[in-house]
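Q: Could you take me on a close tour of one part of this model, the central sheet and what surrounds it? I would like one connected account that I can follow in the viewer.

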Amino acid sequence: WACWQQLQEWLFLNEIIPAMEFKKILIATDHSANAIRAAKTGFALAHQLRAKLALVYVVDESREVVNADLGITPEQSGTVLLNEAETTLEQLIKMYNGIEEIFRFTPEGSPEKEILKIAREWNADLIVTGPYQRSGLSRLLSGSITEYIIKHTEIPVLVAPAAAIHH
(Lines give C-alpha, C1' and ligand atoms only; values in the text may rest on other atoms or scores of the structure.)
Protein backbone atom coordinates (compact mmCIF):
# COMPACT_ATOMS: atom_id res chain seq x y z
CA TRP A 1 0.00 0.00 0.00
CA ALA A 2 2.90 2.36 0.69
CA CYS A 3 4.04 2.27 -2.94
CA TRP A 4 0.45 2.82 -4.13
CA GLN A 5 0.08 5.83 -1.81
CA GLN A 6 3.36 7.31 -3.03
CA LEU A 7 2.29 6.83 -6.65
CA GLN A 8 -1.10 8.43 -5.94
CA GLU A 9 0.52 11.41 -4.22
CA TRP A 10 2.93 11.91 -7.12
CA LEU A 11 0.13 11.67 -9.70
CA PHE A 12 -2.07 14.09 -7.74
CA LEU A 13 0.75 16.57 -7.07
CA ASN A 14 1.69 16.57 -10.73
CA GLU A 15 -1.98 16.90 -11.70
CA ILE A 16 -1.83 13.82 -13.89
CA ILE A 17 -5.04 12.53 -12.36
CA PRO A 18 -7.44 14.53 -10.21
CA ALA A 19 -7.73 13.72 -6.54
CA MET A 20 -10.64 11.38 -6.00
CA GLU A 21 -12.31 10.67 -2.73
CA PHE A 22 -13.90 7.30 -2.29
CA LYS A 23 -16.43 7.84 0.49
CA LYS A 24 -18.93 5.17 -0.58
CA ILE A 25 -17.63 1.80 -1.76
CA LEU A 26 -19.96 -0.81 -3.25
CA ILE A 27 -18.71 -4.40 -3.23
CA ALA A 28 -20.41 -6.65 -5.78
CA THR A 29 -20.24 -10.22 -4.57
CA ASP A 30 -21.57 -13.74 -4.82
CA HIS A 31 -20.44 -17.05 -3.28
CA SER A 32 -17.47 -17.63 -5.64
CA ALA A 33 -13.80 -17.56 -4.60
CA ASN A 34 -13.18 -14.54 -6.88
CA ALA A 35 -16.01 -12.60 -5.23
CA ILE A 36 -14.75 -13.43 -1.73
CA ARG A 37 -11.30 -12.19 -2.72
CA ALA A 38 -12.81 -8.99 -4.13
CA ALA A 39 -14.81 -8.49 -0.92
CA LYS A 40 -11.62 -8.80 1.14
CA THR A 41 -10.02 -6.12 -1.01
CA GLY A 42 -13.08 -3.87 -0.75
CA PHE A 43 -13.29 -4.20 3.04
CA ALA A 44 -9.56 -3.40 3.40
CA LEU A 45 -9.94 -0.33 1.19
CA ALA A 46 -13.02 0.86 3.08
CA HIS A 47 -11.16 0.48 6.39
CA GLN A 48 -8.16 2.39 5.09
CA LEU A 49 -10.24 5.21 3.58
CA ARG A 50 -12.86 5.24 6.38
CA ALA A 51 -15.48 4.92 3.68
CA LYS A 52 -19.09 3.82 3.92
CA LEU A 53 -19.56 0.32 2.62
CA ALA A 54 -22.34 -1.55 0.85
CA LEU A 55 -22.52 -5.15 -0.33
CA VAL A 56 -24.64 -6.23 -3.27
CA TYR A 57 -25.38 -9.86 -4.04
CA VAL A 58 -27.73 -10.19 -6.99
CA VAL A 59 -30.11 -13.12 -6.91
CA ASP A 60 -29.51 -14.14 -10.50
CA GLU A 61 -32.86 -14.98 -12.08
CA SER A 62 -31.11 -17.13 -14.69
CA ARG A 63 -30.01 -19.51 -11.91
CA GLU A 64 -33.57 -20.24 -10.78
CA VAL A 65 -34.34 -23.89 -11.23
CA VAL A 66 -37.93 -25.00 -11.74
CA ASN A 67 -38.81 -28.68 -11.78
CA ALA A 68 -42.50 -29.56 -11.74
CA ASP A 69 -41.69 -33.28 -11.39
CA LEU A 70 -39.87 -32.61 -8.12
CA GLY A 71 -42.36 -29.98 -7.03
CA ILE A 72 -39.86 -27.11 -7.19
CA THR A 73 -41.70 -23.89 -7.94
CA PRO A 74 -40.14 -20.59 -9.06
CA GLU A 75 -40.91 -19.15 -5.61
CA GLN A 76 -39.08 -21.99 -3.83
CA SER A 77 -36.08 -21.71 -6.10
CA GLY A 78 -35.96 -17.94 -5.60
CA THR A 79 -36.15 -18.41 -1.83
CA VAL A 80 -33.19 -20.81 -1.89
CA LEU A 81 -31.12 -18.33 -3.92
CA LEU A 82 -32.10 -15.41 -1.66
CA ASN A 83 -31.09 -17.43 1.42
CA GLU A 84 -27.75 -18.18 -0.26
CA ALA A 85 -27.25 -14.45 -0.89
CA GLU A 86 -28.12 -13.43 2.67
CA THR A 87 -25.93 -16.16 4.19
CA THR A 88 -22.98 -15.14 2.02
CA LEU A 89 -23.33 -11.47 3.02
CA GLU A 90 -23.53 -12.44 6.71
CA GLN A 91 -20.39 -14.55 6.42
CA LEU A 92 -18.48 -11.77 4.67
CA ILE A 93 -19.46 -9.26 7.32
CA LYS A 94 -18.32 -11.63 10.09
CA MET A 95 -15.02 -12.32 8.31
CA TYR A 96 -14.06 -8.75 7.46
CA ASN A 97 -16.11 -6.51 9.72
CA GLY A 98 -14.96 -3.50 11.68
CA ILE A 99 -16.96 -0.89 9.81
CA GLU A 100 -19.76 0.78 11.76
CA GLU A 101 -22.52 0.43 9.21
CA ILE A 102 -22.69 -1.86 6.23
CA PHE A 103 -25.52 -1.53 3.75
CA ARG A 104 -26.81 -4.72 2.11
CA PHE A 105 -28.63 -5.16 -1.15
CA THR A 106 -30.02 -8.45 -2.50
CA PRO A 107 -31.99 -7.52 -5.62
CA GLU A 108 -33.27 -10.13 -8.04
CA GLY A 109 -32.48 -9.87 -11.73
CA SER A 110 -29.57 -9.65 -14.13
CA PRO A 111 -26.35 -9.23 -12.06
CA GLU A 112 -24.66 -6.65 -14.28
CA LYS A 113 -27.74 -4.43 -14.56
CA GLU A 114 -28.70 -4.70 -10.89
CA ILE A 115 -25.15 -3.92 -9.71
CA LEU A 116 -25.11 -0.75 -11.82
CA LYS A 117 -28.60 0.23 -10.66
CA ILE A 118 -27.65 -0.14 -6.98
CA ALA A 119 -24.36 1.74 -7.57
CA ARG A 120 -26.27 4.69 -9.07
CA GLU A 121 -29.08 4.70 -6.50
CA TRP A 122 -26.68 4.42 -3.54
CA ASN A 123 -24.36 7.04 -5.14
CA ALA A 124 -21.29 4.80 -4.93
CA ASP A 125 -17.92 6.43 -5.57
CA LEU A 126 -16.26 3.10 -6.35
CA ILE A 127 -17.41 -0.38 -7.35
CA VAL A 128 -15.23 -3.28 -6.21
CA THR A 129 -15.75 -6.55 -8.01
CA GLY A 130 -14.06 -9.77 -9.00
CA PRO A 131 -13.71 -11.17 -12.50
CA TYR A 132 -17.25 -12.56 -12.75
CA GLN A 133 -17.69 -14.95 -15.64
CA ARG A 134 -20.69 -16.31 -17.41
CA SER A 135 -20.35 -19.69 -18.95
CA GLY A 136 -21.06 -21.25 -22.31
CA LEU A 137 -23.24 -19.55 -24.87
CA SER A 138 -24.19 -16.57 -22.67
CA ARG A 139 -20.47 -15.68 -22.29
CA LEU A 140 -19.98 -15.90 -26.05
CA LEU A 141 -23.01 -13.72 -26.77
CA SER A 142 -22.67 -11.05 -24.12
CA GLY A 143 -19.22 -11.22 -22.47
CA SER A 144 -18.52 -11.25 -18.76
CA ILE A 145 -20.48 -9.45 -16.07
CA THR A 146 -17.35 -7.50 -15.12
CA GLU A 147 -16.84 -6.34 -18.72
CA TYR A 148 -20.43 -5.12 -18.86
CA ILE A 149 -20.06 -3.17 -15.60
CA ILE A 150 -16.85 -1.49 -16.76
CA LYS A 151 -18.32 -0.54 -20.15
CA HIS A 152 -21.61 0.84 -18.81
CA THR A 153 -20.67 3.03 -15.84
CA GLU A 154 -18.99 6.33 -15.13
CA ILE A 155 -18.18 5.13 -11.60
CA PRO A 156 -14.60 3.88 -11.16
CA VAL A 157 -14.37 0.09 -10.96
CA LEU A 158 -11.68 -1.83 -9.06
CA VAL A 159 -11.40 -5.43 -10.25
CA ALA A 160 -9.64 -7.68 -7.75
CA PRO A 161 -7.57 -10.38 -9.46
CA ALA A 162 -8.88 -13.92 -9.71
CA ALA A 163 -8.10 -16.28 -6.88
CA ALA A 164 -4.93 -18.22 -7.55
CA ILE A 165 -5.27 -21.86 -8.52
CA HIS A 166 -2.74 -24.09 -6.79
CA HIS A 167 -1.64 -27.23 -8.59
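A: Happy to. A good place to begin is a single pairing: I25 has L126 as its bridge partner in β6. Please keep in mind that this is a predicted model, and I will come back to its confidence values at the end.

The contact between these two strands is parallel, with three bridges joining β1 and β6. I25 also has a partner in β2, where it stands opposite L53. The pairing of β1 with β2 is parallel as well and runs over five bridges. From L53 we can take one further step, since its bridge partner in β4 is I102. Here β2, which covers residues 52-56, is joined to β4 by four bridges, and these two strands run parallel. So much for the individual links; on to the sheet itself.

Five strands make up this open sheet, and their order is β4-β2-β1-β6-β7, with parallel pairing. Each of the edge strands, β4 (102-105) and β7 (157-159), has a single partner strand, so one side of each has no neighbour in the sheet. On average, neighbouring strands here are turned by 20° against each other, direction ignored. As general background, strands of a sheet pair through backbone hydrogen bonds, in either a parallel or an antiparallel way.

How enclosed is β1 by the rest of the structure? Four of its five residues are buried, so β1 is largely enclosed.

Next come the helices that pack on the sheet. Helix α2, residues 33-49, lies across β1 (24-28), β2, β4, β6 (126-129) and β7, and its direction is at about 170° to β1. Helix α4, residues 111-121, also packs on the sheet, where it touches β1, β2, β4 and β6; the angle between its direction and that of β1 is about 165°. Helix α2 has a further role in the chain path: together with β1 and β2 it makes a β-α-β unit that is right-handed.

The loops that follow these two helices are worth a look in a backbone torsion plot. In the loop between α2 and β2 you will find R50, which has a positive phi of about 55° although it is not a glycine. R50 is exposed, with a relative accessible area of 77%. N123 lies in the loop between α4 and β6, and it too is a non-glycine residue with a positive phi, in this case about 60°. The relative accessibility of N123 is 53%, so it counts as exposed. For context, most residues other than glycine have a negative phi.

Two more helix residues help to fill in the surroundings. T88 sits in helix α3, residues 74-96. Is T88 buried or exposed? Its relative accessible area is 7%, so T88 is buried, the cut-off for that being under 20%. Beyond its neighbours within four places in sequence, T88 is in contact with D30, H31 and Y57.

The other residue is I150, in helix α6, which spans residues 145-151. I150 counts as partly exposed, at 45% relative accessibility. Setting aside residues up to four places away in sequence, I150 touches V157 and V159. You can also check its position against E112: the two residues are 38 apart along the chain, and their C-alpha atoms are separated by 9.7 Å.

Now we can step back to the whole protein. Its secondary structure comes to six helices and seven strands, and from the N terminus on the elements run α-β-α-β-β-α-β-β-α-β-α-α-β. Among contacts between residues at least 6 apart in sequence, 72% join residues at least 24 apart. Of the 167 residues, 36% are buried. The accessible surface is about 10,400 Å², and carbon and sulfur atoms account for 55% of that.

Finally, the confidence values I promised. The average pLDDT of the protein is 78, and 68% of the residues score at least 70. Over residues 136-142 the pLDDT stays under 50, and for this stretch the model has six contacts beyond four places in sequence.

Methods: Residues are numbered from 1 along each chain as its sequence is written. This is a predicted model: local features need pLDDT of at least 70, side-chain atom pairs count only at pLDDT 80 or more; totals for chains, interfaces and linings use all residues. Side-chain values use heavy atoms; hydrogens and water are left out. Two strands pair if DSSP finds at least two bridges between them. Axes are lines fitted to C-alpha atoms, for helices over the stretch in contact, and angles run from 0 to 180 degrees between N-to-C directions. Contact means heavy atoms within 4.5 Å. Buried means under 20% relative accessible area, exposed over 50%, partly exposed in between (1.4 Å probe, protein chains only). Accessible areas come from the Shrake-Rupley method with a 1.4 Å probe; for residues, only the protein chains shown count as cover. pLDDT is the predictor's confidence in each residue, from 0 to 100. A crossover is right-handed if, with the strands pointing away from the viewer, the path from the first strand over the helix to the second runs clockwise.
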